[in-house]
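Q: Please take a close look at one helix of this chain and at what surrounds it. I would like a connected account rather than a list.

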Amino acid sequence: MLFPDLEASVVKHLTAELGVTAATSTPGDLESHSGFVRIQRGPGGRHDGITDVAVLDVEVFAPTRAAARLLAERAREAMQAMQGTRSHAVLYDQVVTSVAPYWLDYRNSKINRFVASYTLAYRAY
């Protein structure tokens, strides 16, 4: 069974919910963004042929640490709100914060980054 594109679905959801651009790769002009979210499916997970379980990393970027922290918390709320909903051809059965948002140096004084990981159980509908 082919599962729906989880990254694409979450990108659409977070872009709509947060009012900032979300994508699976960072843009070349990242410093010019007031906020940006990068989504990447990480290693791990499992499936039973109906439900796929995936680990998803959510990185948020903003000019200040305070702005990045706030965006990370808003992203966490938006991720948690997906549980039990249908969005972009995906039914989200469960969304669990595996690693709460934490600051991680991006080695650029103009960019602050917070990273979080979520475990999602989802299926096509």
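**Helix H2 and its surroundings**

A: In this predicted model, valine 58 touches Leu14, Val37, Arg38, Ile39, Ala75, Met79, Phe114, Val115, Ala116 and Tyr118, leaving aside residues up to four places away in sequence. Val58 and Met79 are also among the residues with the most contacts inside the largest nonpolar core, a set of 29 residues in which Val10, Leu14, Val37 and Leu120 rank with them. Two or more residues of this core come from each of H1, S2, S4, H2, S6 and S7, and the largest share, six residues, is that of H2.

Helix H2 itself runs over residues 65–81, and because 17 residues at 1.5 Å a residue should span 24 Å, the 24 Å between its end C-alpha atoms agrees with expectation. Its buried residues are Ala68, Leu71, Ala72, Ala75, Ala78 and Met79; seen down the helix axis they fall within an arc of 125 degrees, so they line one face of H2. On the other side of the helix, Ala66 and Glu77 are exposed. The partners against which the buried residues of H2 pack are helix H1 (6–18) and the strands S2 (36–41), S4 (52–62), S6 (90–103) and S7 (112–124).

One contact of Ala68 leads to strand S7: asparagine 112, which lies in that strand, touches Ala68 as well as Val60, Phe61, Ala62, Pro63, Thr64, Arg65 and Trp103, again not counting residues up to four places away in sequence. Asparagine 112 counts as buried because its relative accessibility is 11%, under the 20% cut-off, and its side chain is joined to that of tryptophan 103 by a polar contact of 3.2 Å.

Terms used. Residues are numbered from 1 along each chain as its sequence is written. This is a predicted model: local features need pLDDT of at least 70, side-chain atom pairs count only at pLDDT 80 or more; totals for chains, interfaces and linings use all residues. Side-chain values use heavy atoms; hydrogens and water are left out. Helices (H or I, at least four residues) and strands (E, at least two) are DSSP runs, numbered from the N terminus. The expected span of a helix is 1.5 Å times one less than its number of residues. Buried means under 20% relative accessible area, exposed over 50%, partly exposed in between (1.4 Å probe, protein chains only). The arc is that of the directions from the helix axis to the C-beta atoms. Contact means heavy atoms within 4.5 Å. A polar contact is a pair of N or O atoms within 3.5 Å; within protein, one must be able to donate a hydrogen and the other to accept it, and residues adjacent in sequence count only if both atoms are side-chain atoms. A nonpolar core is a set of buried Ala, Val, Leu, Ile, Met, Phe, Trp, Tyr and Cys residues joined through side-chain atoms within 4.5 Å.
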